[in-house]
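The following exercises concern the structure shown below. Each task is followed by a solution that proceeds step by step.

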Amino acid sequence: LSNMVLNDQEKQIVFPVLQNGSYFAHPENVLLSMLADDDLSTRMKAFDIIRDIHIDALLQKPNRRIFEKPVITCTETTLDELLRPPYYTPPLLSKMPLYELRSKLEDGPIVWEFPCHSQNVERMVQAISKASFRVCGAANRDGLVRTQLQSRAEMPSFKSKKSFSLKLKMQ
């Protein structure tokens, strides 16, 4: 891509932007992309890496997952070239047994459909943001958010206007 499409001036503009937003090149995201590839050998390579991660986790204490933006050189042409250690199992696959993952891979590319910014996610972001202004410290913020969630769960809620009925006494 870099040699075929962009001239030197365009590279100086585009590459810093790509590097700043290089979350797409994190090994977890690359593994998920490899699982959705049309080529069976690419999908199976991703499966082999995920299987090895699971085996390592069983044999030793798993390392803490750190999500850092990877450094990209913009010379990569395949997903394999983007994939660099350390590897972690993508959270999306953490509960999926390996035998189930393998059988899905043999059927074809895996494509998940899920909302990434649902109304509940937006609500939680708002609650945590408000809590960070009210209290100091992670433990206090966590306590405030949990208290708010518990309070909301105990309050009556209505799914639609139809289920809300106001009963007034007429005198």
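**Exercise 1. Determine which residues Glu-28 touches, leaving out residues up to four places away in sequence, and whether Glu-28 is buried or exposed.**

Solution. The model is a predicted one. Step 1: locate the residue; Glu-28 belongs to helix α3. Step 2: list its partners. With residues up to four places away in sequence not counted, Glu-28 touches Arg-65, Phe-67, Tyr-88, Thr-89, Pro-90 and Pro-91. Step 3: classify the residue. Buried means under 20% relative accessible area. The relative accessibility of Glu-28 is 2%, so Glu-28 counts as buried.

**Exercise 2. Establish how many residues of α3 are buried, and what covers them.**

Solution. Step 1: count the buried positions; they make up seven of the nine residues of α3, and the helix is thus mostly covered. Step 2: identify them. The buried residues of α3 are Pro-27, Glu-28, Val-30, Leu-31, Leu-32, Met-34 and Leu-35. Step 3: find the cover, which includes α4, α5 and α6. Step 4: set this beside the whole chain, in which 23% of the 171 residues count as buried.

**Exercise 3. Describe the largest nonpolar core: which members touch the most other members, and which helices supply it?**

Solution. Step 1: the core has 21 residues, and those that touch the most other members are Leu-31, Leu-35, Leu-93, Leu-101 and Leu-105. Step 2: assign the contributions to helices. At least two residues of this core come from each of α3 (27-35), α4 (40-59) and α6 (98-107). The greatest contribution is that of α4, with six residues. Step 3: examine one member in detail. Beyond its neighbours within four places in sequence, Leu-105 is in contact with Leu-35, Leu-40, Arg-43, Met-44, Phe-47 and Ile-110.

**Exercise 4. Derive the relative orientation of α4 and α6, and state which residues meet in their contact.**

Solution. Step 1: take the geometry. The two helices, α4 and α6, pack at an angle of about 175°, and their axes lie 10 Å apart. Step 2: apply the cut-off; angles over 145 degrees count as roughly antiparallel. α4 and α6 are therefore roughly antiparallel to each other. Step 3: name the residues. From α4, the contact involves Leu-40, Arg-43, Met-44, Phe-47, Ile-50, Arg-51 and His-54, which meet Leu-98, Leu-101, Arg-102 and Leu-105 of α6. Step 4: sort the residues of the contact by character, which gives seven nonpolar, one polar and three charged.

**Exercise 5. State how many salt bridges the structure holds, and characterise the one between Asp-80 and Lys-45.**

Solution. Step 1: the structure holds five salt bridges. Step 2: in one of them, the side chains of Asp-80 and Lys-45 meet at 3.8 Å, N to O. Step 3: place the partners. Asp-80 lies in helix α5 (residues 79-82) and Lys-45 in helix α4; the pair is 35 residues apart and links distant parts of the chain. Step 4: classify the exposure. Partly exposed residues fall between the limits of 20% and 50%. With a relative accessibility of 35%, Asp-80 counts as partly exposed. Lys-45 has a relative accessible area of 37% and is therefore partly exposed.

**Exercise 6. Examine the salt bridge of Asp-52 with Arg-51 and that of Lys-104 with Glu-100.**

Solution. Step 1: for Asp-52 and Arg-51, the closest N and O atoms are 3.8 Å apart. Asp-52 is partly exposed, at a relative accessible area of 37%, and Arg-51 counts as partly exposed at 30% relative accessibility. Step 2: extend the view to the network, in which salt bridges link Asp-48, Arg-51 and Asp-52. Step 3: for Lys-104 and Glu-100, the side chains meet at 3.7 Å, N to O. Both residues lie in helix α6, four residues apart, which is about one turn of the helix. Step 4: Lys-104 has a relative accessible area of 35% and is partly exposed; Glu-100, at 30% relative accessibility, also counts as partly exposed.

**Exercise 7. State how many helices and strands the protein chain contains, and what share of its contacts with a separation of 6 or more joins residues 24 or more positions apart.**

Solution. Step 1: the protein chain contains eight helices and zero strands. Step 2: residues 24 or more positions apart account for 63% of the contacts with a separation of 6 or more.

Definitions and conventions: Residues numbered from 1 in each chain as written. Predicted model: local features only at pLDDT ≥ 70, side-chain atom pairs only at ≥ 80, totals over all residues. Heavy atoms only, no water. Core = buried A, V, L, I, M, F, W, Y, C linked by side-chain atoms within 4.5 Å. Buried < 20%, exposed > 50% of the residue type's maximum accessible area, 1.4 Å probe, protein only. Contact = heavy atoms within 4.5 Å. Axes fitted to C-alpha atoms, helices over the stretch in contact; angles between N-to-C directions. Parallel < 35°, antiparallel > 145°, perpendicular 65-115°, else oblique. Nonpolar A, V, L, I, M, F, W, Y, C, P; charged D, E, K, R; others polar. Salt bridge = Lys/Arg side-chain N within 4 Å of Asp/Glu carboxyl O.
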